[in-house]
Amino acid sequence: MMTIRRVQPIDLEPLVELWEMVFPDDPSHNAPRSMLPTKLDVDDLILVAWEDGVLIGACMVGYDGHRGWLYAVAVHPDHRRKGVGTNLINASFDTLKSLGCIKVNLQVREVNNPEVVAFYESLGFKVEQRISMGKLIDD
């Protein structure tokens, strides 16, 4: 049986391993070993999914008081297409609603990632006409 809950210290090493496996090409500023402590200094809005003693999924959630965000939604490859991602995202919605959030955004990094886009569309997300911009502050 799958259990979803907020991250705890015992989850951190398996979480790093999961994110490194699912996102092997992440830029260095997203490296989970350095990013996780910084996130946890701000809040514990990371949901983890466990089944039979194995971390099978995770989702980092953000909320700025205005809008919620989903980051780094990851499901272990052996557990995909079994509802893990959907359950994680629905749990993220519940968490954000409990904080007063009324809108959730996410970004799909790859332009040519139709399977991931279709997954999010199946959960009610819609492509919005926006330009996503970013800047590393130390540039």
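This is a short chat about the fold and the nonpolar cores of a predicted model.

Visitor: How many helices and strands are in the protein chain?
Guide: The chain has 4 helices and 5 strands.

Visitor: What pattern do they follow along the sequence?
Guide: Read in sequence order, the pattern is β-α-α-β-β-β-α-β-α.

Visitor: Which residues have the most contacts inside the largest nonpolar core?
Guide: Leu 70 and Phe 125 do, in a core of 19 residues. At least two core residues come from each of β2 (46-51), β3 (54-63), β4 (68-75), α3 (84-98) and β5 (104-106).

Visitor: Which of those gives the most?
Guide: That is α3, with 5 residues.

Visitor: Back to Phe 125. What is it in contact with, leaving aside neighbours within four places in sequence?
Guide: Phe 125 touches Leu 70, Ile 89, Phe 93, Val 104, Leu 106 and Tyr 120. A second, separate core has 15 residues, among them Ile 46, Val 48, Leu 55 and Met 60.

Visitor: Why would nonpolar side chains be buried together?
Guide: In soluble globular proteins they tend to be. In this chain, 34% of the 139 residues count as buried.

Visitor: What about the radius of gyration?
Guide: The chain has 15 Å, which agrees with the value near 14 Å for a compact globule of 139 residues. Its C-alpha atoms fill a box of roughly 40 × 35 × 35 Å along the principal axes.

Visitor: New topic: how many positive and negative side chains are there?
Guide: There are 14 positive and 20 negative ones, and the centres of the two sets lie 7 Å apart.

Methods: Residues are numbered from 1 along each chain as its sequence is written. This is a predicted model: local features need pLDDT of at least 70, side-chain atom pairs count only at pLDDT 80 or more; totals for chains, interfaces and linings use all residues. Side-chain values use heavy atoms; hydrogens and water are left out. A nonpolar core is a set of buried Ala, Val, Leu, Ile, Met, Phe, Trp, Tyr and Cys residues joined through side-chain atoms within 4.5 Å. Buried means under 20% relative accessible area, exposed over 50%, partly exposed in between (1.4 Å probe, protein chains only). Contact means heavy atoms within 4.5 Å. The radius of gyration is taken over C-alpha atoms; the globule rule is 2.2 Å times the number of residues to the power 0.38. Lys and Arg count as positive and Asp and Glu as negative; His and the chain ends are not counted. The place of a charge is taken as NZ of Lys, CZ of Arg, CG of Asp or CD of Glu.
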